[in-house]
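Here's a walk through a model with the sequence and coordinates side by side. Keep both open while you read.

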Amino acid sequence: MVEETSRITSEETFENGVVIYRRGDKAEHTYLLKEGKVDLIGEDGTVSRTVAAGQVFGETALVSMDAMRIHTARVTKDSKCLKIARQPLEAQLQNEDPFIAALFRILQGNMCNVMQMKKMPKEKMNALAKDLAETAE
Amino acid sequence: MTKVLNRRSFFPGDIIFHEGDNGSQAFVVQSGRIRIVKALAGGEKGTLGFVEPGGVFGEMALLDNSPRMATAVAEEASVLIVIPESVVKAKLKKTNPVIRMMLVVMIRMLRNISEKVDLEVIDLEAVAQAAKFPDVPQSAGEEDDGDVTAH
């Protein structure tokens, strides 16, 4: 199990100030921040979210092969990350219990749909929710 | 060793579980169709989707010990295969820890997104702990003001 995990993950350290990925880069890895702090910066240059130790970021890479980073990830305190590679993760999924693998796929699919929805502005989301409510009647 | 699968039948309109219930089982649709419904802001109900034969639902509550996030209603006469919690937990125990962690990550994101139309921050501090991932600290649980856009 340890060997399998070490194929899928690798540990990386980043110094304060380092940019882990930039907006527009291809989303290849998902990260678990073990120590330190990372700022996720949006298009307008403001900090969209600050990642604290124990949290995951860069999860777009998990869901979509062709996705581009929406945010720039910049380290604001010396950090240690667990970097998760998509291809080995997918390969490992083939070795897992079929129920677990199916579950993973379902959730990936749901995430994909939701991410597309998240690109919608708030007014449109509210209108959609209203439509859903009306349809359900 | 033969495994006996537990099956349950439902008539159209039967509720499999209510939003807010404590969940202890996952289901696979053997036949029929299940509508997943959620209460929206303002007290109205919206359909999140349908589960067709071969589809799994109800698994989210098992993985992160949260209450049911939606109501499942039989749209047509349906037969469901019941997957008990003990079975899911046993499977998870044998699952690669990174995969286990990413399952919980995805569930937490989906749960947060579906709960509010007004998108708010996702706090994933318990994720690594839930997956029992070695030597990852529990975060201090700081509040951040960012939105829930995937990064």
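Let's start with burial: a residue counts as buried if 20 or more other C-beta atoms lie within 10 Å of its own, as exposed if 12 or fewer do, and as partly exposed in between, with C-beta atoms placed from the backbone. On that count, 36% of the 151 residues of chain B are buried. For chain A, the buried share is 31% of 137 residues.

Some housekeeping first. This is a predicted model, so local features need pLDDT of at least 70 and side-chain atom pairs count only at pLDDT 80 or more, while totals for chains, interfaces and linings use all residues. Residues are numbered from 1 along each chain as its sequence is written, and chains are lettered from A and ligands numbered from 1 in the order in which they are written.

**Confidence**

The model as a whole scores ipTM 0.74 and pTM 0.66. As for pLDDT, that is the predictor's confidence in each residue, from 0 to 100. Chain B averages 72, with 70% of its residues at 70 or more. Among the elements of chain B, S2(B) has the highest mean pLDDT, 96, and helix H4 (residues 127-130) of chain B the lowest, 36. Residues 116-151 of chain B have pLDDT below 50, yet this stretch has 84 contacts in the model beyond near neighbours in sequence. A contact here means two C-beta atoms, placed from the backbone, within 7 Å.

**The two chains in outline**

Helices (H or I, at least four residues) and strands (E, at least two) are DSSP runs, numbered from the N terminus.

| Chain | Helices and strands | Order from the N terminus |
|---|---|---|
| A | five helices, six strands | α-β-β-β-β-β-α-β-α-α-α |
| B | four helices, eight strands | β-β-β-β-β-β-α-β-β-α-α-α |

What share of the contacts in chain A with a separation of 6 or more comes from residues 24 or more positions apart? That share is 78%. In chain B, 71% of the contacts between residues at least 6 apart join residues at least 24 apart.

**The sheet in chain B**

Two strands pair if DSSP finds at least two bridges between them. Chain B has an open sheet of four strands, in the order S2-S7-S4-S5, with antiparallel pairing. S2 and strand S5 (45-51) of chain B are the edge strands, each pairing on one side only. Direction ignored, neighbouring strands of this sheet are turned by 30° against each other on average, with axes fitted as lines to C-alpha atoms.

Strand S2 (residues 15-17) of chain B pairs with strand S7 (residues 71-74) of chain B over two bridges, and Ile15(B) sits opposite Val73(B) in S7(B). Strand S4 (residues 34-39) of chain B is joined to S7(B) by four bridges; there, Val37(B) stands opposite Thr71(B).

**The core**

A nonpolar core is a set of buried Ala, Val, Leu, Ile, Met, Phe, Trp, Tyr and Cys residues joined through C-beta atoms within 7 Å. The largest one has 62 residues, and Ile34(B) and Leu103(B) touch the most other members. Helix H3 (residues 97-115) of chain B gives the most to this core, with ten residues.

Which residues does Leu103(B) touch, leaving out those up to four places away in sequence? They are Leu103(A), Phe104(A), Leu107(A) and Leu63(B).

Note on methods. Axes are lines fitted to C-alpha atoms, for helices over the stretch in contact, and angles run from 0 to 180 degrees between N-to-C directions.
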